[in-house]
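Q: Please take a close look at one part of this structure, a helix and what surrounds it. I am new to it, so start at the surface and work inward.

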Amino acid sequence: MNFTVWLIKRLAQAAVVLLIMSVIVFLGLHMIGNPADILLAPDATQVDRAELIERLGLDLPVWQQYWLFLKSALQGDLGNSFVYNTPAVTLILQRLPATLELAVLAMIFAVFIGIPLGLFAGLKPENPFAKLITTGSILGFSLPTFWVGLLLIMTFSVSLGLLPASGRGTTVRLFGVEWSFLTLDGLRHMLLPAINLAMFKVSLVVRLTNAGVREVKSLDYVRFARAKGLSPLRVVRRHILRNVMIPLVTVLGIEFGSTVAFAVVTENIFSWPGAGKLILDSINALDRPVVVAYLMVVVTLFVTINLIVDILYRVLDPRVRTEAAA
């Protein structure tokens, strides 16, 4: 199949996914409470309530509200926040860089810690350290994120006083956006939440790499490479790790999206002013436009990442290109 045709089909699938998700999210939110109950003061009259409902457009039938939302969304307008009276997309884009830099640092930890540890555990499964790595990866899966976060704060902030427990620290504006990773103080503030966010990812990468190495190292082409007299390092780098990376790329792409989407707990524990904390505050205030906009941004991010992963998969695995061409 021609790459252009394949790309057009994938983009069409992405558009369908976004449309379906917008319906699910919009209808789901309209089944949960009435924002007027939270936005109005306790002493507000029925007249005030009716005026607010009309001003927010909540008096219209749900299908009409969705149709108006869809027409605006196609023009890049996902509505104004009920609480801040600001475009919802603007609020999210202001907070998203903080979440993205935290997610990127967490994924860097996952890759540069998880792959070497998983590789060692897979190549030397009987080694005591390899068994310790495997046991540690199980713990990483099992420990609750909120508990690990509190433990990190108690240990490194309260007891040792080495790292700050909350906030972003000093930021630097680059391309019109505030970033923490460009300053030493910002990096110190990022470290604990990034470690907390990376715990599950590191364990996942260790397990996947370990399983992949164990499967690949006994295959015929690896034995043949060793029989030809290739150095162990070259066998690992060119024949084992390259093939293990193919499924890892897919998983890491999806996990990056989930890291951004599910950073809510970590951001709240460490008072990190990202999109995750914004969405939790918006849910508590029934700020529907912000919730809908956030979920649509996250779905778009997932769809984009999956598309990039599929393209990388075709680049890494010649078999996929061959099947597509056939």
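A: Asn85 is exposed, with a relative accessible area of 60%. The model described here is a predicted one. Asn85 sits in the loop between helix H4 (62-73) and H5, and its phi is positive, about 55 degrees, although the residue is not a glycine.

After this loop comes the helix to look at. Helix H5 covers residues 88-123 and supplies 14 residues to the largest nonpolar core, the largest share of it. That core has 58 residues in total. Phe69, Val205, Ile240, Val244, Phe256, Val292 and Tyr294 are the members with the most contacts inside it. For Phe69, the contacts beyond four places in sequence are Ser22, Phe26, Asp77, Leu78 and Val292. Apart from this core lies another, of six residues, including Leu152, Ile153, Leu163 and Phe270.

Next, the packing of the helix against a partner. Two packed helices are described by the angle between their axes and the distance between the axes. The axes of H5 and helix H10 (residues 232-261) come within 10 Å and cross at roughly 150 degrees. Angles over 145 degrees count as roughly antiparallel, so H5 is roughly antiparallel to H10. The crossing of H5 with H10 is right-handed.

On the H5 side, the residues that meet H10 are Leu96, Thr99, Leu100, Ala103, Val104, Ala106, Met107, Val111, Ile115, Leu119 and Leu123. On the H10 side they are Val236, Ile240, Leu241, Met245, Leu248, Leu252, Glu255, Phe256, Thr259 and Val260. Of the residues in this contact between H5 and H10, 18 are nonpolar, two are polar and one is charged. Two of the H10 residues in the contact, Ile240 and Phe256, are also among those with the most contacts inside the largest core.

Further along the chain is helix H11 (264-269). Thr266 lies in H11 and counts as buried, at 1% relative accessibility. Thr266 and Gly149 are 117 residues apart along the chain, yet their C-alpha atoms are separated by 7.0 Å. Beyond four places in sequence, Thr266 is in contact with Thr145, Pro193, Asn196 and Leu197.

The loop between H11 and helix H12 (275-284) holds Ser271. Like Asn85, which has a positive phi without being a glycine, Ser271 is a residue other than glycine with a positive phi, here near 50 degrees. Ser271 is partly exposed, at 36% relative accessibility.

Key:
Residues are numbered from 1 along each chain as its sequence is written. This is a predicted model: local features need pLDDT of at least 70, side-chain atom pairs count only at pLDDT 80 or more; totals for chains, interfaces and linings use all residues. Side-chain values use heavy atoms; hydrogens and water are left out. A nonpolar core is a set of buried Ala, Val, Leu, Ile, Met, Phe, Trp, Tyr and Cys residues joined through side-chain atoms within 4.5 Å. Buried means under 20% relative accessible area, exposed over 50%, partly exposed in between (1.4 Å probe, protein chains only). Helices (H or I, at least four residues) and strands (E, at least two) are DSSP runs, numbered from the N terminus. Contact means heavy atoms within 4.5 Å. Axes are lines fitted to C-alpha atoms, for helices over the stretch in contact, and angles run from 0 to 180 degrees between N-to-C directions. Angles under 35 degrees count as roughly parallel, over 145 as roughly antiparallel, 65 to 115 as roughly perpendicular and the rest as oblique. A crossing is left-handed if the near helix is turned anticlockwise from the far one by less than a right angle, and right-handed if clockwise. Ala, Val, Leu, Ile, Met, Phe, Trp, Tyr, Cys and Pro count as nonpolar, Asp, Glu, Lys and Arg as charged, and the others, Gly among them, as polar.
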